[in-house]
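Subject: Structure handover

Hello,

Here is the structure I promised to pass on. Please open it alongside this note, and then read on for what turned up.

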Amino acid sequence: MVFNTGSTLLDAIVLAVVSQEKEGTYGYKITQEVRQVLDVSESTLYPVLRRLQKDGSLEAYDMEYAGRNRRYYRITLSGWERLSLCKEEWECYATKITEIFTRSGQEDTHQKDREPEWSDGRYPEKLEEGKVDEDDEK
């Protein structure tokens, strides 16, 4: 993905993933679900889980699985409130960005038919192909 994911959005995504399971879910499963939509490493997500736990959005508990303890995370009431706010903010943000993308290029309906120009009037394709005339250089 070409867009940077800030800590607020990453927190919201992790809260959304954890909120899908009533009894919570474990760290590895959270990382796998987040990695389906974002290119992030486990080493990025575990500090997010600790931060969300520290601020009271998540609570952690250990449960035995296959002879060893597995750490589970469950969303708290504070986490639900935070997730709700993030979802509202996301809807507003996404709507505004979509509107901008939708409007882009609509003023000039023939924009697809003409060659793009740089501000100095030269055509980038001609430069890449080495087809620049002396007149184009002026």
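Which residues of α2 and α3 meet? On the α2 side they are Gly27, Tyr28, Ile30, Thr31, Gln32, Val34 and Arg35. On the α3 side they are Glu42, Leu45, Tyr46 and Leu49. By class, this contact of α2 with α3 has 6 nonpolar, 3 polar and 2 charged residues. The two axes come within 10 Å and cross at roughly 120 degrees. That angle is outside the 65 to 115 degree range for roughly perpendicular and not over 145, so α2 and α3 count as oblique to each other. Their crossing is right-handed.

Before going further, please note that this is a predicted model.

**Overall layout**

The protein has 6 helices and 3 strands. Along the sequence they follow the pattern α-β-α-α-β-β-α-α-α. There are 138 residues in the protein, and 24% of them are buried. Take the contacts between residues at least 6 apart in sequence: 43% of these join residues at least 24 apart.

**Helix α1**

α1 covers residues 7-19. Its 13 residues should span 18 Å at 1.5 Å a residue, and the end C-alpha atoms are 18 Å apart, so the two values agree.

Which residues of α1 are buried? They are Leu10, Asp11, Ala12, Ile13, Val14, Leu15, Val17, Val18 and Ser19. Several elements help to cover them, including β1 (25-26), α2 (27-35) and α3 (42-54). β2, β3 and α4 also take part in that cover.

α1 packs with α2 as well. Their axes come within 10 Å and cross at roughly 120 degrees. This crossing is right-handed. From α1, the residues involved are Leu10, Ile13, Val14, Val17 and Val18. They meet Ile30, Glu33 and Val34 of α2. The contact divides into 7 nonpolar residues, no polar ones and 1 charged.

**Helix α4 and its contact with α1**

α4 runs over residues 77-103. With 27 residues at 1.5 Å each, the helix should span 39 Å; the end C-alpha atoms are 39 Å apart, so expectation and model agree. Gly79, Leu83 and Cys86 are buried in α4. Their cover includes α1 and β3 (68-75). After α4 comes glycine 105, with a positive phi near 80 degrees.

How do α1 and α4 pack, and at what angle? The angle is about 120 degrees, and the axes are 10 Å apart. α1 and α4 are therefore oblique to each other. α1 passes α4 in a left-handed crossing. α1 contributes Leu9, Asp11, Ala12, Leu15, Ala16 and Ser19 to the contact. α4 contributes Gly79, Trp80, Arg82, Leu83, Cys86 and Trp90. By class, that makes 8 nonpolar, 2 polar and 2 charged residues.

**Three residues to look at**

*Tyrosine 61.* This residue lies in strand β2. Is tyrosine 61 buried or exposed? Its relative accessibility is 18%, so tyrosine 61 counts as buried; the cut-off for buried is under 20%. Leaving aside neighbours within four places in sequence, tyrosine 61 is in contact with Glu23, Gly24, Arg70, Arg71, Tyr72 and Arg74. Glycine 24 is 37 residues away along the chain, yet the two C-alpha atoms are separated by 9.2 Å.

*Glycine 56.* Look for this one in the loop between α3 and β2. Glycine 56 has a relative accessible area of 30%, so it is partly exposed. Which residues does glycine 56 touch, not counting those up to four places away in sequence? They are Thr76, Ser78 and Gly79. The C-alpha atoms of glycine 56 and glycine 79 are separated by 6.9 Å, with their positions 23 residues apart along the chain. Glycine 79 is also one of the buried residues of α4.

*Alanine 66.* This residue sits in the loop between β2 (58-65) and β3. Alanine 66 has a positive phi of about 55 degrees, although it is not a glycine. Its relative accessibility is 72%, so alanine 66 counts as exposed.

Best wishes

Key
Residues numbered from 1 in each chain as written. Predicted model: local features only at pLDDT ≥ 70, side-chain atom pairs only at ≥ 80, totals over all residues. Heavy atoms only, no water. Helix = DSSP H or I, 4+ residues; strand = E, 2+ residues; numbered from the N terminus. Expected span 1.5 Å × (residues − 1). Buried < 20%, exposed > 50% of the residue type's maximum accessible area, 1.4 Å probe, protein only. Contact = heavy atoms within 4.5 Å. Axes fitted to C-alpha atoms, helices over the stretch in contact; angles between N-to-C directions. Parallel < 35°, antiparallel > 145°, perpendicular 65-115°, else oblique. Left-handed = near helix turned anticlockwise from the far one by under 90°. Nonpolar A, V, L, I, M, F, W, Y, C, P; charged D, E, K, R; others polar.
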